[in-house]
Amino acid sequence: MKKSGTVFFCQNCGYESAKWSGQCPSCREWNTFAEEPAPASGRSGGQARKKRAMTHTAPVSLKQIETGGQERISTGMGELDQVLGGGIVPGSLVLVGGDPGIGKSTLLLQVCRNLSEKLDQVLYISGEESLQQIKLRAERIGSFADSLQLLCETNLADIEEVMLARKPRVAVIDSIQTMYQEEISSAPGSVSQVREATGVLMRLAKEHGIAIFIVGHVTKEGTVAGPRVLEHMVDTVLYFEGDRHASYRILRGVKNRFGSTNEIGVFEMTDGGLKEVKNPSEYMLSGKPPGASGSVVTCTMEGSRPMLLEVQALVCRTNFGLPRRTAVGVDANRVNLLMAVLEKRLNLPLSGYDAYVNVAGGIRLNEPAIDLALVMAIISSYKDVPIPDKTVVFGEVGLSGEIRAVSMARQRVQEAKKLGFSRILLPLSSMDQVKETSGIQVAAAASVRELLSTVSRKQ
Ligand code: TYD
Ligand code: MG
């Protein structure tokens, strides 16, 4: 039975509903609805509106607005600066999301450490760990300046008071799901608390020019509200991804009011905290077996940044009537589609074969430019003919077997050249873009039919 004065919120995306349901109609997650007290309504009702009307609110023209040359604050980590669009904007609200244990607290403590060396006030507020625990972590990271102040607190009113008294240039809230406001009766971590707390922090950031980083845990179980609930409120959303068992981590910008999105930063988790990986291509390709069939190097664009990766395929005869198709790191439907194209256009009898496709390094790719590499890897494994070493392949494959142009071909070729690759295979229609490139052999193909000869000739 629903209590009066309560509503149901999806703890994943914040969808509000008057009644409980098993699946959220908005984000399609199951079992994420929780009952919470209804948000107080009418707070900005008649009285407030009347009062506001008395004060002078006149619109201004763009020319009248002074930006005051907002200079950005460097975090001391080039990878993070790049994702933020060139550094921290004073007064901005940045959400850092990610699975528990991925390294959010470590990253932000390191940022605080770098900032405390040049700013006079940096505040790190933790609602999850005690001061002793933070100190233990800090000892692994390095030495700290005194301008970094730590606080263990979860009551937002107290935090606000401290912030107003200290006026730090940068503050970190670890994590938003532990913060609460007394006026709201629902538990910390619920949608109403998390939203309300972010609203308070937003006001603090904008009114006093404090740049605030908010940590938000991504949770599968839906017991606490996820960062997606807040995405629309904050200026910048960064997600920290990666396999917890592998050592590298990717910081991805999914929203940025002060820069381009889709930028990534690559880090490696070491004994002494997170280290930047300045050249991710080199890192991702380390361990590529030489002369193995089914292994192809491709170049993908992450935002404005090219990255070389190894795509692997294993094609073997199926033992049952129904072939198995498994894809790790790429869309399995895309693999099925490309295999159907090969079956039809090249007459390869792939329906009698299992196929396993993997992107080495555990990265997820969804750019169509890797199609050609997938196709080459599948053909190479099927024929058991290795693709020559030092070759990079990229291009989109269409249903008629045609190879289509991709964006930023020049940057991809440059990256391959930089890493010492000697040969490129790309779509014929992308040739124009790379005409002037020298020092690397460029081959072009217009359809998958041409690949068959490329793969078999190199025996
Ligand atoms: P943490 O920052 O606590 O994750 P989050 O705040 O996202 O939950 O990361 C903790 C993990 O990082 C933990 O498994 C230990 C590891 N770690 C290192 O490997 N090296 C280090 O120097 C530090 C501080 C942590
Ligand atoms: Mg943490």
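This is a guided tour of one protein chain and its ligand, moving from the whole chain to single residues. The model is predicted.

**The whole chain**

Begin by selecting the entire protein chain and displaying it as a cartoon. The protein chain holds 11 helices and 21 strands. Its C-alpha trace extends over about 80 × 55 × 50 Å along the principal axes. Next, colour the chain by burial: 48% of its 459 residues count as buried.

How far apart in sequence are the residues that touch one another? Among the contacts with a separation of 6 or more, 67% join residues that are 24 or more positions apart. Now switch to a surface display. The protein chain exposes about 21900 Å², and 51% of this area is supplied by carbon and sulfur atoms. Colouring by charge shows 53 positive and 49 negative side chains, with the centres of the two sets 6 Å apart.

**Ligand 1 and its surroundings**

Select ligand 1 and then display the residues around it. There are 16 of these residues, and G101, S105, T106, T270 and G273 come nearest.

Which atoms of the protein lie opposite oxygen atoms of ligand 1? Three distances may be displayed in turn.

- For S105, a polar side-chain atom is 2.5 Å from an oxygen atom of ligand 1.
- For T106, a polar side-chain atom is 2.6 Å from an oxygen atom of ligand 1.
- For D271, the atom concerned is a backbone N or O, and it lies 2.9 Å from an oxygen atom of ligand 1.

On its own, ligand 1 has 570 Å² of accessible area, and the protein covers 76% of it. To see which parts of the fold surround the ligand, select α3 (104-116), α4 (131-141) and β11 (264-270), the elements that give two or more residues to the shell around ligand 1. With three residues, α3 gives the most to this shell.

**From α4 to S147**

Leave the ligand and follow the chain onward from α4. In the loop between α4 and β6 (148-152) lies S147. Is S147 buried or exposed? S147 is buried, because its relative accessible area is 15%, and buried means under 20%. Display the residues in contact with S147, leaving aside neighbours within four places in sequence: they are S116, L119, D120, Q121 and V122.

**Backbone features to inspect**

The next stops concern backbone geometry. Most residues other than glycine have a negative phi, and most peptide bonds are trans. The following places depart from these patterns.

Select N31, in the loop between β2 (16-17) and β3 (33-37). N31 is not a glycine, yet its phi is positive, near 55 degrees. N31 counts as exposed because its relative accessibility is 53%, and the limit for that class is over 50%.

Move next to K167, placed in the loop between α5 (156-166) and β7. K167 likewise is not a glycine, and it has a positive phi of about 45 degrees. Its relative accessible area is 45%, so K167 is partly exposed.

Continue to the pair D174 and S175. What is the form of the peptide bond from D174 to S175? The bond is cis, with omega near -5 degrees. S175 belongs to the loop between β7 (170-174) and α6 (191-208).

**The loop between β16 and α9**

The tour ends in a loop with two stops. First select R364, which lies between β16 (353-359) and α9 (371-383). R364 counts as exposed because its relative accessibility is 52%. Apart from neighbours within four places in sequence, R364 is in contact with G329, V330 and D331. For a sense of scale, display the C-alpha to C-alpha distance from R364 to P39: the two are 38 Å apart in space and 325 residues apart in sequence.

Then select P368, found in the loop between β16 and α9. How accessible is P368? Its relative accessible area is 34%, so P368 is partly exposed. Not counting residues up to four places away in sequence, P368 touches G395 and E396. As a final distance, display P368 and Q433, which are 65 residues apart in sequence and 18 Å apart in space, C-alpha to C-alpha.

Technical notes:
Residues numbered from 1 in each chain as written. Chains lettered and ligands numbered in written order. Predicted model: local features only at pLDDT ≥ 70, side-chain atom pairs only at ≥ 80, totals over all residues. Heavy atoms only, no water. Helix = DSSP H or I, 4+ residues; strand = E, 2+ residues; numbered from the N terminus. Buried < 20%, exposed > 50% of the residue type's maximum accessible area, 1.4 Å probe, protein only. Contact = heavy atoms within 4.5 Å. Areas by Shrake-Rupley, 256 points an atom, 1.4 Å probe, with all protein chains shown as cover. Lys, Arg positive; Asp, Glu negative; His and termini not counted. Charge placed at Lys NZ, Arg CZ, Asp CG, Glu CD. Near = heavy atom within 4 Å. Polar contact = N/O pair within 3.5 Å; in protein donor to acceptor, adjacent residues only side chain to side chain.
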